[in-house]
Every structure is written in structure tokens, then in C-alpha cells.
Amino acid sequence: MNRTLIGFFLIVTNYLGAQSFDSLYHHAYYHVEVSGSLDSAESLANALLPLVSTPQNSAKREILLGEIAIRKGEYLDAIGHYKQVIINPAIGEIDILSYYAHDGLGIVNKQIGDYQKSLKHYRVALRGYEELEPSRVVDIKSRIGSVMERIGNYDQAEDIYVELIEHYSISQDSMKLASAYNKLGILCYRKSQFEEALISYLKAYDFNPDFASYLHNIGDVYIKLEQFDSAIWYLNRSLDIKLQKHQTRSTASNYINLGRAYLRSGDFQKVPENLKKGEEIALQYSYLEKLKEAYEVWVAYYDAVADYQNKSEALEQLLVLNDSLLNVEKIRSINDLEIKYESEKKEEQLQASLAREEVNQQSILVQRLTIIGLLIIALLLIIVGLLVYRLYRANKREKDNVLLRMREQHHRIENNITVLASILSLAAKNTSNEEARALAEEGENRLNAMNLLHKELYWDDQKISIQFASYVENLCHYLSGVYANPRKGLVPVHTQLEDLKVDVNQTIPLSLILNELLTNAFKYGMLSDHPAIEVSLGQEGESIFLKVSDNGPGIMETQKDEPSFGMNLIETLVDQLRGKMTTESSESGTSISIYAPMKLA
């Protein structure tokens, strides 16, 4: 928008009375949020100055300028604008505009790496939003979670992301629900919990299957899990979407990870073409971090093919890049320190100015009386606070001791199951006997099924039962990833689950039965041209029923005469539950139903 048009717009709005400021203000925000024209938005914000008639309008203008400054990377200016709102006596600490300013300061301080200040401002804004504008609470909690993750408070970040998932599940906002699952997956990935990360990424993909970043994340975690065929399929699918949407800049990661996956899988012929494309895009957009990753894969590739001359050259390039990245980081750190210093200096100046104004407005006598009154109130509050604090500390110590013992027991069991699963996984990889490998992999899946159940069962210190439907969903996602076919992709699993609280004594046999039924369904359902699996869970009268169906070729007569270990295990567990099992099998598929007397938690 040129200056002539802005001037004309200002003349017209001056004749519109009280609405003129709001009209121009909303027009400026349109350029910030929709068109992305920050220069036009800044010109409109400057044109607002003659129309400012109230402290609230002045605060709105400062907040608008602060957001523009953030998007332009001018963080010191942004801090100055937000501070003007907070110290304005006419706005006060309980005005919603003050909380908007604290929210903006939280964003700025996160950008410059001052995470403690960022949390401080976010928490002030959160308190205000909870009281005055609840619609913003969920978004600011998400930002608090990202800061917690940055400073290494993974448990608190995970609690926030789980809360976000519950909220978006209720509101049925699939896009934000997918984003929350993706954030939880990234957190698990940073904690090297790759199985849990895969479950979260797959759920994000379920709710938004056309978002390329989710597909890329799934491919990346499959590389960590050494399931390279699946990794290649998802990375290529992500790449196709990015190319269709002309998102060329972000394809560098896809090509580099594809090169890494092909290298790890032993398909050396496809490594160079992908690495060259990733390297070219990284150079084009000056992505030094991605360029470093590309040269790291080059070094590993040349080492694998015994091309030591090119390996030496790649190592030299890698050393140069490391030096460049170190210099960039030093410059960024210096700039951040300068911004922090100038911000604190400006804050001191503003606070000093405010203090002088207050001294001029009030008499010394009133100040003394106020101080005396405050001291008396503070003394009373301290006495009451000390009494409350002592009671609180005594109660908290008792709760903490109980919680600590439960957590220790939780980690011991989880670690033991993980170690056993890892041993079976290693045995499966190191044996050439296909039958032994299959047995080891099935054993590993059984242990992982119990591990998933264990995580649900010991979610917190109060829970003595589980939401079995949630566990069924997680197990379906996990096994779908394990038995994914690179040619056919994931087998769709359709679930009809009632929200049942199952007694803890029934959960382990039921979980093992479900694992065996799903394993058989994935194995034999894959033989269909369009494989599909259905899982039902519910209550009929006083019984719980569990049903797993597939559209495979059915159970052959030889299988009926000589049941497998898995079927023998199912029958044993059904007897343990004092239940019954029915099997329906034909050329169009197999359906197995389990009925057992239900013990409600």
C-alpha cells in the first residue's frame, strides 16, 4: 500500500468518528496475518497515531507494532513496544491488553534464547487468559510446552502436550490434534524413545495425511528403528507432496535422509543421486546445517564403497562447514546478548521514569502511610504463609515419597521389559534360521505389547485401572507400523471401541490375546489384494467381548488340525479368563471373537 493511498484512507476514516481507529487497525492486522506485507502494516500502524484517543487504543497500536517487529526480526524494538503497554498506568495489570503484551514478550524472549524470562511472561499471560479470554489458553500452553522442551523439562512438556491432545480430541479439531501428536512425537524422539515417537507420528499422520512434515518425521524415525523400506516409502511420499506444492526449500532434508536410508539398507546405487540433490538445495538456500548432514552421509558412503580419495575431500568440506557453523553460532550468541543487554537497559529506564512520575503524583505522607499499612499486611501474610507452608511441605514430602517409590518400580519393570525385547530383537537379527527369527520377533512383539499396557497402567500415582480402548488403539498403531508393507503401505485398521475401564487382573491376558489375534490378522490379512482389519471392543450384558477380523484367505484345514503356539496361547488365556472363543473362517476372511465375564474397575 503506497503512502498516497494510506493518506486517503486516513482522511476518510477521520470522518467516520469512533470507528475510524478500529477500521484502520484491523486493516493493518490483515497485512500482518494474511497478506504478509509487513511494510504496509507498519505504514498503517504509523498512520494510527493521530487517531489514538484512549490508552487502550495506544496499547493496541504498540502491540501491533510489537508483532510486526517480531516478524521482521527486530526483537529489541518489539520488546520496547510491549514494555510501553505493561508500564502504562491507565492499562493496569488486569487489562487483557496487558496480557497480550506479556504473551508477546514471551515470544520475543524465546526467540533470543532467554527461556526463563519467556516462561515468566507466558505464565502471567496464561493467568490472564484463564480469567478473561479462555479461547487463548490452549495456544499459550502449547508455547509454554515448547519452552519447557527447550530447557530440558521433558516431563512437564509431555504433560502439556497430552493435555492439548485431550482438548483437541474433545473439540474435534483434527488439524491442531495432528499438530499436538506431532509435537509429542518430536519430544519422544529427542528422548530417544523411538517406538513412542512412531506411535505419535502415525496418529498425527492419521489426522492430517497430506502434511508432508508428518510423513518426513515418520520416515526419519523408521531410520532410527532400522526399518529402511518403510523409511524410504514415507520419505518419498513426503517428497512428492512437497514437490507438488512447490515447497522446494524443505526438500533438502528429504533427499539427505533418503541417501542415509539407502546407505544403511545397503542400496549404494541410489545414495549419490539423492545426496547430490539435497546438497544442491542446501547450497542454494544456504542451509549450513543440512549441508553438514549431507557431507556426513557422503563420508559414510565413500567409506562403505572404499573410495578413500573422495572420502578425504568430503572430510575437508565437513571441517570447513563445522568452522562456519561455529562462527555463525558465535555471532548469533553475541547478537542475543546485545539484545538482552539493551532490553534490560531500556526496562530500567522505563521503570525509573515511572517511579519519578509516581513520586510527583503522591505526597510523602501518603507514601509513608501506605508503606506502614503494607508492612503490617505483609507481616500477617508472612505468618499465615509460614503456617500454610509448613503444612504443605509435610503433606508434600509424604506424597513425594510414595510417588518416588512408584516411579522407581515403574522404571525397573519398564527397563526389564525393554531389555528383554532388545535381546530378542538382537537375536532375530543375528540368526540365519528363519523359524528362529520369526519366533524371536513374535516374542519381541509380545513384550512390546506388555510394555504398552504397562505405560497405560502406571500413568500416574492414582490410577489403578486402564482405559482399555486407548491401549487397543496404541497397539493397533504399533503393529501396523511393524507389519507395514513397502508396496501396499500401512494396513488400515478400523476400530469400534467402547470406553471401558477394565480390572487390572484382566488386562494382561486380554492384551496378550489381542496381540496374538492382531499378529495373525496382519500376517494372513496381507495376502489379500486390499487388506483390511477390524477390531471391536465392548460389553454385552455382564461380559466383555473382543473381536478381530481380517479379509485374508481364511484358516486352512491343516492349520485347524495343528494349531500354532499363538493359538494355543490364546486358548490357554481364554480358559484363564473363564471365557469362550468363537472362530468364523471362509475364503473371504477370518473373524475370531472372545467373550469373558467382565470385572469392572
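On one side of helix α23, F565, D575 and Q576 sit exposed. This is a predicted model, and the helix in question covers residues 565–576. With its 12 residues, α23 reaches 16 Å from its first C-alpha to its last, close to the 16 Å expected at 1.5 Å a residue. The other side of α23 tells the opposite story: G566, M567, I570, L573 and V574 are buried. Looking down the axis of α23, these buried residues fall within an arc of 125°, so they line one face of the helix. Just after α23 comes R578, which takes a positive phi of about 60°.

A little further along the chain, there is a pair of strands to look at. Strand β6 takes in residues 580–586 and strand β7 residues 589–597. The two pair in the antiparallel sense, and seven bridges hold the count between them. They make a hairpin, with two residues between the strands. To see how the two strands line up, pick out M581, which stands opposite I594 in β7.

Next come the charged residues. Side chains of opposite charge can pair when their charged atoms come close. In this model there are 16 salt bridges. One of them joins the side chains of D139 and K176, at 3.7 Å from N to O. D139 belongs to helix α8 (residues 137–150) and K176 to helix α10 (residues 174–190), so this pair ties together parts that are 37 residues apart in sequence. How accessible are the two partners, D139 and K176? D139 is partly exposed, at a relative accessible area of 32%, and K176 is partly exposed too, at 36%.

Another salt bridge brings the side chains of E226 and R264 together, at 3.5 Å from N to O. Here E226 lies in the loop between α12 (212–224) and α13 (228–244), while R264 lies in helix α14 (residues 251–265), so the pair ties together parts that are 38 residues apart in sequence. Both ends are partly exposed: E226 has a relative accessible area of 40%, and R264 has one of 43%.

D303 and K311 form a salt bridge as well, with their closest N and O atoms 2.9 Å apart. D303 is partly exposed, with a relative accessible area of 39%. K311 also counts as partly exposed, at 21% relative accessibility; the cut-off for buried is under 20%. Salt bridges can also join up into something bigger than a pair: D39, E42 and K72 are linked in a network of them.

Now for the rings. The structure holds 12 aromatic pairs. Take Y189 and F194: their ring centres are 5.4 Å apart and their planes meet at 70°, so the pair is edge-to-face. Y189 is partly exposed, with a relative accessible area of 22%. Y205 and Y234 make another edge-to-face pair, with 6.1 Å from centre to centre and 90° between the planes. This pair links distant parts of the chain, since Y205 is in helix α11 (residues 194–207) and Y234 is in helix α13, 29 residues apart. Are these two tyrosines, Y205 and Y234, buried or exposed? Y205 is buried, with a relative accessible area of 17%, and Y234 counts as buried at 2% relative accessibility.

The Y205 and Y234 rings also belong to a bigger group: Y205, Y222, W233 and Y234 form one aromatic cluster. One member of that cluster, Y222, leads on to a serine. S230 touches Y222 and A484, leaving aside residues up to four places away in sequence. Where is S230 found? S230 is in helix α13, the helix that holds Y234. S230 is buried, with a relative accessible area of 9%.

Methods. Residues are numbered from 1 along each chain as its sequence is written. This is a predicted model: local features need pLDDT of at least 70, side-chain atom pairs count only at pLDDT 80 or more; totals for chains, interfaces and linings use all residues. Side-chain values use heavy atoms; hydrogens and water are left out. Two strands pair if DSSP finds at least two bridges between them. Helices (H or I, at least four residues) and strands (E, at least two) are DSSP runs, numbered from the N terminus. A salt bridge is a side-chain nitrogen of Lys or Arg within 4 Å of a carboxyl oxygen of Asp or Glu. Buried means under 20% relative accessible area, exposed over 50%, partly exposed in between (1.4 Å probe, protein chains only). Contact means heavy atoms within 4.5 Å. The expected span of a helix is 1.5 Å times one less than its number of residues. The arc is that of the directions from the helix axis to the C-beta atoms. Rings of Phe, Tyr and Trp (its six-membered ring) pair if their centres lie within 6.5 Å; planes under 30 degrees apart count as stacked, over 60 as edge-to-face and the rest as tilted.
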